[in-house]
Structure formats: C-alpha cells, structure tokens
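Work through the exercises below with the sequence and coordinates at hand. Each task is followed by a solution in steps.

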Amino acid sequence: MGPEVPLLNDYKQEFFWKRFPQTLLGGPRLKLGYCAPPYVYLHQLLLFLTPCMLGGVGTVLYQVGVLGDAYAATLSGGLMLAVAATLQTLAQCVARRTGVVQRLSAQNNILADEEEVEFSHCVAPETVRFIVPGKKFMVNVVLHTLLAGMLCGLGTWYLLPGSLIGLYGGMGAAMPVFALSWVTLCSGEYALIVNTPPETATFQPQDTYEITALTRPLYILIFIAVDLVYRLTDPMNELRLACQVLHVVFVVLPVLWALGTLPPPDALLLWAMEQVLVLGLGGSAMATNLRLLVMFLVSASVAVSTYFIPSTLGIVLFTVGMGYLLSLDGSQLGAVFRSRRAQSRALSLGLKGLPLGLIFLAGAMADGGLLHHYLFEHPTQTGNLSLEGPPTEELPSVSLHGVQAAVAYALICLLVLSKGLREIQGVFLLGGTLRNPLYPKQTGCSQAFRRSSRGLRLAGYLRRVLLNLVSPFAMITFLALDGSLLDLHTASLAVGFTRAFRMVWQSSEDALLQMVVVVLIRLGSEGAPATGWHSLGTGVQLLVVGLLIDRASQFISKLKFALTVIVTSWTETKQRRQSTSAMLMLNAVLFPLLLGELVLSALLSAPLLPLFTLPIFLVGFPRPLRSWPGTPGTACPCPDSVYYQQLSARLASALRGAIACGALGAAPPGSHFLCRFQDRVMWLTLLERGYGYCTLNIKGLELQETSCHTLEARRMDEVFEAALAQSHAPNQWRQLLNPHWGNTLTPCCALPVRLYSDARNVLTGIIDSHEHLRKLRADYVKVLLWLLLQRCAQRDRLTPPLQEKAPLSPGADSGSSQRALQRDTQFSTTHLPGSHSSSFSSSSSMSTSSSPGQRGSLSSSADWLDDDDLFGPQVARRPVPAPRERNFSLPGSVEVLSLYENMALSALPPLRPLGLGLPAADRGSSDGGGGGLHEASFLPAAGPRRLSGPHAQLLPSEWRTAAPLAPPQMLQLQPLVPADWFHFAVGRLAAGGQHAAALLQEERDALELFSQVALSCLVALGLEAEQPSPSLVFRLYGGGAPWSEALDWLKGRRELHQLALKAFRYSFKLLFDQASLGAMESAEELQATLDEYEHHWYIGTATDHGWQESVRQEKPFLFSLGHDLAMGTYTGRVLTLQEQLVYVGHVCAEGVRGQWANLSWELLYATNDDEERYSIQAHPVLLRNLTVQAADPPLGYPIYSSAPLHLGCL
C-alpha cells in the first residue's frame, strides 16, 4: 500500500462537499454541482426561514402584550401547521400527476447525473418535486405535519425573549442565544416537512420508514421538555443551571448533527434500553432487538413490583427468585421440550438443566429467606448501616458486625481466589503484559497439550465452583443481612436491591468485585457518621460502583486505542502520510480536547471514531454493543463457507469450557475474539451472557486471501507463535514480556477442536511419471469391476431380485454420495445382431437406448434417460429369453425377438412424433451408403452373451446391449481384464452372504459381461492409449472427457457414467497412494483400500455438491485434484478430520467499535466504497482489513455468519 492512497477519490470528494452543507443546514441543497435557476435557491431559503417568520409573529404579539405566551405559541403553531399541510398536499398532488412522466424521463436520460434536474419555471412539477420530495407513506404525511405545527409552537414558547432574559439575567447573553436558536429550530422544521437531509449518524443502511426525518425534531423536543419542567415546577437551582447549559447546547445542535454525535431515534432507543437494563437493572446486553425489548420490559416490571412489596422478607424472596430466573437463558426453556435439531441438543443444557436450575432456585431462596428471617437484626441494635437512624441528634455510625462482617471478609477472599485462578488460565497476565509461566509450552500437538494442561483444568474447575456456586450464595447472604433493606420504599433503593440480587447471578464476577469495593469503603470508614455516600444504601452504592467501574474500563480501553492509532501512524512506515506530522502536532497541542473526547465517549458508552482511521478523533453516536441494527447471522456465502459451518459447532463446544474456566478473560458482552487455524480466520462476538450460559456469533472470513488479508494474517500468526508456539526460558526477564503488547490482538489460549486440516501436495513426479501412468488403465478396470459388483450387491441387499423399481430421477446428483445411485432396470430388450458389411446400421438398438449421439441438435446428453417413454404408452410386455446360439442363413439378415410376438400388427400402438423441430437423420449412413462402416465400427461382431434367470437383472438392460466396442478393440484391451481379481471380489461378496455374488460365481458368462461393460467405459473415457497424458488425467478427473460417440453412449446411461467417473477418481487416488506409500502387494490389500475409499473418503473436486455435503457430514477424509495455473503444476488436496489446536486471541473491543463506526460513516454517508480506499488497507497492528471484513453485511463481507449460538457454560 502506498502511503498516499487517497482518502476519497475526486468524484467522492465533490459528492461529499455537496452533501455536507445540506447536512449542516438541515436539508437545503445550496450546492448542486450544476447550473440551476435562482428561484430554486430562493424557494429553499424562503422555506427554511418560514418557521422563524411564523414564530416571529407570535413573539412580537407576545412582546407588545397583545397575546399571552401560551396563545402566542398556539398561533405560531397553527400557522406552521397550515403551511406544512399545504406543502405536503402540493407534493402529493405533483407526485400523482407526474409519476409516469418521471419514470420515462429517467429512462431516456440515462447518461445524465442522477441529481441533475431540468427546471422549466418556478412552479413547475419538477421544481416542486426537487424542493419538496414528499413522503412515501400517508401516515408520515399526517404525523410529520402535526409534529411540525407542535414543534413550531413549542419552539416559540421555548425561545420567548422574556424567558431567556429572566434565565440569563440580561439581554447580553439572551439575544445571541435567541437568534442562533431559531437557526436550530428552522433546520429541524425543514428536515421534518420539506426535505430530509442525509445524516452523518446513520444506523440503518436504508431509511425504509422515514425515521431519519424525526431525528432533529426529537432532540429539539427533549430540550423543550426540560425547560417546560423548569417553568411548571418549583424553582430549583440545579434545574435552572441545567436549563442555562441546555440553551447553549441547543445553539450548537446543528454542529453536533453534522459531526454525527447524536444518534438517530432507533439507535437512541436501543442504546437507552440496553444501558438501563445493564447498569440500572442488572441485566446483560442481548443478542437481538426483540430479546432486548422483552427483557427490558420484564426487568422494569420486577423493579416496580419490588417497590410495592411491604415485607422485607417478601422483598428478599421475590428479588432473589426473579433475579435468578431473569439471569437464565430464556431460549433454553424451549429447548427443554423441543430438541429437534442435533445442534440444539449439543449446545444447550437440555432436559438435565431443569432439575439443576430448580435446585439452585430453591437453595438461593432458602438461603436468603432463612438468614434474613433468623439472623437479620435491626440496625439500631447492631450498629449496622442505617439510612435514617433513630430520632436523635446523634447520627448512626458505619460499621460491620456479626454474620455480615464474616461474610464480607469471605467475599474478599473469594474475589482474590477467583481473580487469581482466572489469570493463570490464559497465556498472559495483567492485561496481556507478562507471560504466564504456568501455561503449557507444548502447543504443537493436541494430545500433548491436554496432558500438560491438566493442572490448569483442575484450577479452572475449582474457579467454576467458587464463582458459580459459592460466591452467589455468599453475596445473597451479605445482601439479605443488610440494614438498608428497611428503607426499600424509595425508588432508588428498590431499583438498587433489585439490581444487586440479579447481578449475583447474571454476572457473578462483576457483582463480587462491586460488592468487595463497597465492603472495603465501608471498612475504611468504619466509625464515621453515616452521611453522604453511606446514606445511599447498599443497593444504590453497588449501582454507582458498577457504573464507575464500567466507564473507567471503557476510558482505559479507548485511551489505549487512541494511543495505538497515533503511534502507529508514525511508526508503521506504510501508514505514514505527508500530513502525519501535522496531525501528530495537532493532537499534542489539543491533547486536553482529545482527553475530553475520550471522557465524553466513555460517559456516553459511544465509540471513539478515528476519521478514515487517521489520528483525527470524533465522538461517534451511541449505539448498542452489537454495533449493527440487524440480527447476527447474515453473510456473503461462497463454496468455502462450508468449512466454517462444520467448524462453528465444534468450536462452540470447545469455547464452553474456555469461557467457564476464564481462559478468555472476563469476556463481558461486547467482547471480540479472533481464532486462527491454517488459512481459516474465525471472528467471535460475545453477544449475551448470564448465569451458566453465553450467546456467541461466529463469523468466517474469506479464504481467498488478498494482499492486505495476507499481511494481517501473517502478523496474526507471528503474534500467536510468539506467545503459544515456542518454548520460553523462564530465567530471562525479556521472555516474560509480551513483545506484541501494543497490538490490538492479545493471545488468550489454545483450544483442541475437531476440524479439517488442509494439506496440499505438488504432484510433480507422480502425475507425470510414465511408470505410474502405465498402471492407471489396469487399476481403472479393477476399480470399475469392483464398483459394479458393489452395485449388484447393494441392489440385491436392498430389494428382492424380481421386484421392479422406479427409474432414477433425472435430477439426481452424482456428487452427493459415495455410494452408487440406485436405478430402475427394464426387462431385457432385444439385441439386433447381424452382419456389419451392410450400410443398414442396425440402429434399432441405438434407438432403443435413445443414444444421445443421434440427437444432433441437443447440447447435453444428460437431458434424457434411456427408459424415457418417448413413443407413447407402452403395452404390457414380457421378457423373451435369448437363445444361446444364433445362425443366420443370409449375410446382413437379422433375427428380431419381438416384444409383441403374440400381438397382431394392427394392435401395435402408433408412433408419436418427437416434436424436436428437426427431421431424423441417419448418422451412420449417407445417400451413397459410404458412411456405414464408421457406424459399424462401434458395434460388436456378435451380440454379447447375456445372463439368464432372475439374477440377469443385476445390471440394467441398456448396459448389456449395444456396447460400443469393436472386436479388434476387444481383443486388444482384453488383457486388461483381471479375471483373478474379479473372481476374488465375487468370492468376498459371496462370503459376506450376498445372494447376487453367489449366483455370479455359478454363472460362466459373468466375467465376459462385466468386462465388456468395463472396457466400454474405458474406451468412452478415452483411455485406449497405454499411457494417458497428465492433462487428460486432470480432465477426466474433473469429468471432462474428450468427445466421442462412445462418450455419448456412456452419458446416455447416467448411472453407469457416474460409476465410470467414480472409478477413475478412485483409480487416481490409488495411483497417488501407491506412489507415496508403495504398490499394493495383494488382492486383500486392494480390497481393504477400496473399502476404505468407499466408507471413509470422498474423492472428487472441491466444487462438487457432494464435497460440501461430505464436509457437513464430517466425512473423515476428502481428496481432490487441482491445477495451479500460476505455477503450472498439478496439486493434490487432502482434508483430514482430526483434533487440532486452534489459537484464540482477544481483540480490543473499543478498537473494533471505533473502526466499525468509521466504516458506517464512510460507506453510508460519504459513500466511499472504493475497494482500494485507505481505511481498508492492511494495518498489522489494528488489523484493519480483517475488522472491516468482520462487519455485518452490507458493509462487511464475511463468508459465514452463524445464528446466535447459545452455549451452556456452567
């Protein structure tokens, strides 16, 4: 990547500078990029100032004393309502009249700019449509019109000069605020009723329901609502100060909208519900929007119910029980009674989780209820914390006594133990700075890794017991004995204790940390008066501590991300631009401003947005932790997606234990992880977490690596190898430090996962070896004979010998299974042998089998089957036995064994025309009869000898007739038929109890019949030559045999063609194995090898549908043959299903959120979709390219994304 890759290309720069003024002003398009009449700009300016003029009417009447403030606001609102209704009515009328004309003009002017409009006069339909586009839905027409009138009326009341003068105490500050505030109000009205501007804060890729128009009016109404509360309630200094500040912020609202700091309504609603649920009600971020809404409503109703419970014992029992139930995964309750899918059974708790959950619920309620009933003492008697104290002048003191004090010290010990046991589970300690000396050094083999990590697993089991069983009951005991329970009939304390009792289960580790902090503060101030902080109560204290810890951790993570961007912009040579030094100096000078942005983004829990991923930082708009509006699971699938599909379930099972024992760290919702194995990169996002479960989304990134992808993947490998794949001497202090501490990726652990390892070999010396290629034909005949016998045995095993079966469906896929496809065989048709000296082509047999070679106008021979009913309904027929010997008295004469020998000729059904549109042509003859020899060369000198009896149907009749093999070819290729191998294979089948094999042993003509079919297939594939070329081998392996009439004959028999192709692939794999491991020494070894191919291998191409099905079904081995065009070599690819170590690393969550926020701004607002743009180029520290890939479509492009996976990790 060059350092001066443009941030925006020339076209996008022009587009951006036309769009940004429109965003800043709220909708007027004052820069069009082409010449427009002056009245276009005048109309827009007049409509922009209309709210100010109408509001000015009410303001003047109020100032002169004609109207009161309420009546003046009502007048202005009514006038604005009339104007808005007029505009919307005019827009709807123009849209109805000119809808058709608009579409035609768009089609005729395809070379014009999409925004270019030809204006005819000031009130022309195109002028109205350009200035006031109108609404798509009639509901929005009515709603936005009413809202526009209300907004103007309330805005007039909000900005009355008298109120502003009274608020600020003079006209010096009131008048500038009054003038600039009307600009804000006008921009909001214009966006609502005239033309909605493109907003930089875009959450949804498409504004389907016109929500964007409500963004600016929503914030204006919020500011007005605060001022109304101040005016209608008793004066409060705090509220007055808030109004003064908000009036100043109201002035700069257009700037905040242009910078994208304020979220749109949908993102604001989801973010607010998530923040209240997590910080105020003790819940977790949820995997989907629907789950978030339901959980928020249920949790809020529990907090409200707690407020009205009169008894403290009832409060303890209710909050403990509801806290436990709400911390469980609701989807698992349905999985208890519904286990239809194997994946659901594998990843959920299932039926066994129900009694365990009931035991925990009963134990928790008994623990809290009994301890509170028998051990709870009034604060005035024990000296515990009391909020109000006795009605004396002496305030109660802060102290811990009795059982609660003992439990408090136990909580401190539990926190130290659980933190310590969690730290030693990972590769690094103390946030990724120091290497863990206890972590196993042998990470090359999964078995060795399991043996060396046995001690860590025991420590993990101990941590799980302490954190999931001991800690919740200890914290319930501490809360049940707290004296502040007596004052729960306040809203803050009801919410605080509802949250505290739920956090005990929802996030035990975080609750333990918060409770220990409260205990330490209380122990540190023991004996002090219970005022200020100590008068808040334990529930509110825990809420405040949790909020501070969350925002502090976010601030530290954002600070690390900002420093990484700043430092690497200079240290990474390829990231250094000509303007980098100026940007670094600017950041140094404005460091207080940068620090303020970090604090603001942490307080709002909003992403820190690096503009174009440069060291220019903005505060992105607040959004949910998932960062995207839709439900996870959308991807851009491709053939490689199947590898991630197989891997996701296995990886999820391995992650259950890693998350439970703490190997991935604290792993709160919103965490991101990267997994690496060979060329596969998995992106994990933790969406939701509760008691004994977590919800994950697994994404698979592309396998066809670009240069940027390769560079970052190589850095990933370096980071993992430096941490996991090397042994380190503990006596060297440098080896204890993490050499890649500044990287956004921090290795966590290695997980044994059962997956496919991909091995690729160059076949030079094998596929071009004359010695090996000479053996290919003989091996092919052996394998094909074996497959034909396997088909006979399988048919005999599945169905009775004389039972007719349905014909094979033409749509059956040959690549989806390793077994031969079952097919119907009609009763034996009549063969027409005779002398071939005549030009009479005896094509009755070829016509009977519907040879594709006689369909000259058709391009595919697989369109018809041999047994298609082309000539109308067939009369019931019976098989006619064929004579063993036939002597013909005259040359060229034939003996017809008619299927209708007992019927009169008049009773035969008439033939129906085929209707192909072309006349029938005899391809074997011409007018002069000279072409008959060419056709006759593919017909045998004598009819093939056929099996008799009921077992004659083991091979379909069309396989046993008209085999395109001439006598000279038969004699030349006959030595390739291994009689000993055939009898050995038949004997093995007969020994296995196969009835068909026993019959074949008794039949003298079986070898001749099977060898004729096998040799016919060999000729059809073009393997007559003793030594095929490597290119021919590659073509045949992929199913691309050279054309011949024999190939048309073979393709006309679909199942036989599939068996022939399968046999060739088996033969090549046999050649590959013998070249690598040595030749087969016995028939038993060959039999065992072919059995293994049949049951444990898929041998085909990676593009086959059967290849993907085999990966999904976890076939142990897969093999394919490929060709590297760049190197000019043939390659063999082997996939082996085995347990391997997958490296897992933690990715800085704030870095991901910041880069995704920039991606959303850059693509949805600046429309910078250039594939070579700066912000998508490789960054070995930030992993910028991989992060962009992992975004949800349409902005990202993962090739696989799982639905939310619910893992039980108790």
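**Exercise 1. Cysteines**

Task: In this predicted model, classify C413 as buried, partly exposed or exposed.

Solution: The relative accessibility of C413 is 49%. Partly exposed covers the range between 20% and 50%, so C413 is partly exposed.

Task: Determine whether C748 is in a disulfide, and whether C748 is buried or exposed.

Solution: Start with the nearest cysteine sulfur, which belongs to C749 and is 6.0 Å away. A disulfide requires two cysteine sulfur atoms within 2.5 Å, so C748 is in no disulfide. For the structure, the disulfide count is zero. Next, the relative accessible area of C748 is 8%; buried means under 20%, so C748 is buried.

**Exercise 2. A nonpolar surface patch**

Task: Which residues form the nonpolar patch on the surface, and which elements give two or more residues to the patch?

Solution: The members are L24, L25, L30, V252, V255 and L259, with about 430 Å² of accessible area together. Two or more of these residues come from helix 1 (10–25) and likewise from helix 11 (253–259). As one member, L25 sits in helix 1 and is partly exposed, at 30% relative accessibility.

**Exercise 3. The surroundings of S1067**

Task: Where is S1067 placed, and what does S1067 touch?

Solution: S1067 belongs to helix 38, residues 1054–1077. Its relative accessibility is 0%, so S1067 counts as buried. A polar atom of the S1067 side chain lies 2.7 Å from the backbone oxygen of A1063. Leaving aside residues up to four places away in sequence, S1067 touches L776, D779, Y780 and V783.

Methods:
Residues are numbered from 1 along each chain as its sequence is written. This is a predicted model: local features need pLDDT of at least 70, side-chain atom pairs count only at pLDDT 80 or more; totals for chains, interfaces and linings use all residues. Side-chain values use heavy atoms; hydrogens and water are left out. Buried means under 20% relative accessible area, exposed over 50%, partly exposed in between (1.4 Å probe, protein chains only). Patches are made of residues with over 30% relative accessible area and no salt bridge: like charges are joined within 9 Å, nonpolar side chains (Val, Leu, Ile, Met, Phe, Trp, Tyr) within 5 Å. Accessible areas come from the Shrake-Rupley method with a 1.4 Å probe; for residues, only the protein chains shown count as cover. A salt bridge is a side-chain nitrogen of Lys or Arg within 4 Å of a carboxyl oxygen of Asp or Glu. Helices (H or I, at least four residues) and strands (E, at least two) are DSSP runs, numbered from the N terminus. A polar contact is a pair of N or O atoms within 3.5 Å; within protein, one must be able to donate a hydrogen and the other to accept it, and residues adjacent in sequence count only if both atoms are side-chain atoms. Contact means heavy atoms within 4.5 Å.
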